[in-house]
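Subject: A structure for you to explore

Hello,

Here is the structure I promised to pass on to you. Please open it beside this email and look up each residue as you read.

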Amino acid sequence: MTDTPRPRLAYRLTPGTGPTVIFLPGYASDMQGAKALALEAWAKAEGRAFLRFDYGGCGQSEGDFADQTLAGWRDDVLAAIDELVEGPVVLVGSSMGGWLMLLAAKARPERIAALVGIAPAPDFTDWGFTTDEKMRLLTEGRLERENPYGPEPTLYTRAFWSSGEANRLMFGDIAFDGPVRLLQGMQDRDVPWARTVRLAEMIRSADVQTWLVKDGDHRLSRDADRAMLIRAVEDVTPRP
């Protein structure tokens, strides 16, 4: 973890039986998304412990978005695990949150009971930018892209990109032995579905399943998609 103090984090904790399910949003997203709220409603109905929170610089948490890095957000995830909940946890990571869940599992293997990825995007600083965009990040320090999900452009910084490159995972076996479910839309324009299949191959656990949705997009936020997400979480979460 870094030595620089992290911003104070906004969070919503639903008490209940464990393991605690923790939702990790995607890049420039927050804890108010449809998937996070659907899981919270499920947890409340089932009496299960659930945590959703905003990374530093995102949503209701303190901090400036432009100052954040992948390593900083990883440290926010670790702080949530260490300070906000007790016992084993199930991490549910959406897009970049899928990268963070893998980094957290590497850092806290004794705490992570299972993983559920939704269009997980590990190493996207490597494959998710063109050569021209990488050069702009290095020379200009920032890059803005049109945001298909909102009116404001999406900002990327050289610090975030460099932090991502320093925390790449997909170069060998990923040491995790618990159950893993990876949900992936085959019409996803941000994360090619073949990358998720490759990720499944690289995770060491024998209990890894990839659930492909032929007409699914990157967000997987339709009613049927959210129902599938809940089934995946139930599939890897033992009942008390």
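Let's start with charge: the protein chain carries 28 positive and 35 negative side chains. The centres of these two sets lie 2 Å apart. Please keep in mind throughout that this is a predicted model.

Next, the overall build. The chain has eight helices and nine strands. Its radius of gyration is 17 Å, close to the 18 Å that the globule rule gives for 240 residues, so the chain is as compact as a globular protein of that length. If you follow the C-alpha trace along its principal axes, it spans about 55 × 40 × 35 Å. Of the 240 residues, 53% are buried. The exposed surface of the chain comes to about 11,000 Å², and carbon and sulfur atoms supply 49% of that area. Among contacts with a separation of 6 or more, 74% are between residues 24 or more positions apart.

Now for the inside. Which residues touch the most other members of the largest nonpolar core? They are Ile22, Tyr55, Leu91, Met96, Leu100, Leu115 and Phe124, out of 46 residues in that core. Helix H3, residues 96-107, gives this core its largest share, with eight residues. There is also a second, separate core of 22 residues, which includes Phe50, Val116, Leu229 and Ala232.

Leu91 is a good residue to click on. Apart from its neighbours within four places in sequence, Leu91 is in contact with Ile22, Ile81, Met101, Ala104, Ile112, Ala114, Leu115 and Val116.

A few spots in the backbone deserve a look too. Gly18 and Pro19 are joined by a cis peptide bond, with omega at about 0°. You will find Pro19 in strand S2, which covers residues 17-24.

Two residues that are not glycine have a positive phi. One of them is Asp123, with phi near 70°. Asp123 sits in the loop between strand S5 (112-118) and helix H4 (124-127). Is Asp123 buried or exposed? Its relative accessibility is 3%, so Asp123 counts as buried. The other is Leu220, whose phi is about 45°. Leu220 belongs to the loop between strand S9 (208-213) and helix H8 (223-236). With a relative accessibility of 3%, Leu220 counts as buried.

Ala119 is in the loop between S5 and H4. At 0% relative accessibility, Ala119 counts as buried. Which residues does Ala119 touch, not counting those up to four places away in sequence? They are Ser95, Leu183, Gln184, Asp188, Val191 and His218. For a sense of distance, Ala119 and Thr139 are 20 residues apart along the chain, and their C-alpha atoms are separated by 30 Å.

Here are two arginines to find as well. Arg48 is in strand S3, residues 48-53. Its relative accessibility is 3%, so Arg48 counts as buried. Arg48 and Thr20 are 28 residues apart in sequence, yet from C-alpha to C-alpha they are 7.1 Å apart in space.

Arg181 is found in strand S8, residues 180-185. Arg181 has a relative accessible area of 4% and is buried. Leaving aside neighbours within four places in sequence, Arg181 is in contact with Leu115, Val116, Gly117, Asp207, Val208, Gln209, Trp211, Ala232, Asp235 and Val236. Two of these names have come up already: Val116 and Ala232 are included in the second core. How far apart are the C-alpha atoms of Arg181 and Leu137? They are separated by 33 Å, with the two positions 44 residues apart along the chain.

Last on the tour is Thr154, which lies in strand S7, residues 154-157. Thr154 has a relative accessible area of 12%; the cut-off for buried is under 20%, so Thr154 is buried. Beyond its neighbours within four places in sequence, Thr154 is in contact with Tyr27, Leu143, Glu144, Arg145 and Asn147. Thr154 and Ile81 are 73 residues apart in sequence and 28 Å apart in space, C-alpha to C-alpha.

Happy exploring, and write back with any questions!

Best wishes

Methods: Residues are numbered from 1 along each chain as its sequence is written. This is a predicted model: local features need pLDDT of at least 70, side-chain atom pairs count only at pLDDT 80 or more; totals for chains, interfaces and linings use all residues. Side-chain values use heavy atoms; hydrogens and water are left out. A nonpolar core is a set of buried Ala, Val, Leu, Ile, Met, Phe, Trp, Tyr and Cys residues joined through side-chain atoms within 4.5 Å. Buried means under 20% relative accessible area, exposed over 50%, partly exposed in between (1.4 Å probe, protein chains only). Helices (H or I, at least four residues) and strands (E, at least two) are DSSP runs, numbered from the N terminus. Contact means heavy atoms within 4.5 Å. The radius of gyration is taken over C-alpha atoms; the globule rule is 2.2 Å times the number of residues to the power 0.38. Accessible areas come from the Shrake-Rupley method with a 1.4 Å probe; for residues, only the protein chains shown count as cover. Lys and Arg count as positive and Asp and Glu as negative; His and the chain ends are not counted. The place of a charge is taken as NZ of Lys, CZ of Arg, CG of Asp or CD of Glu.
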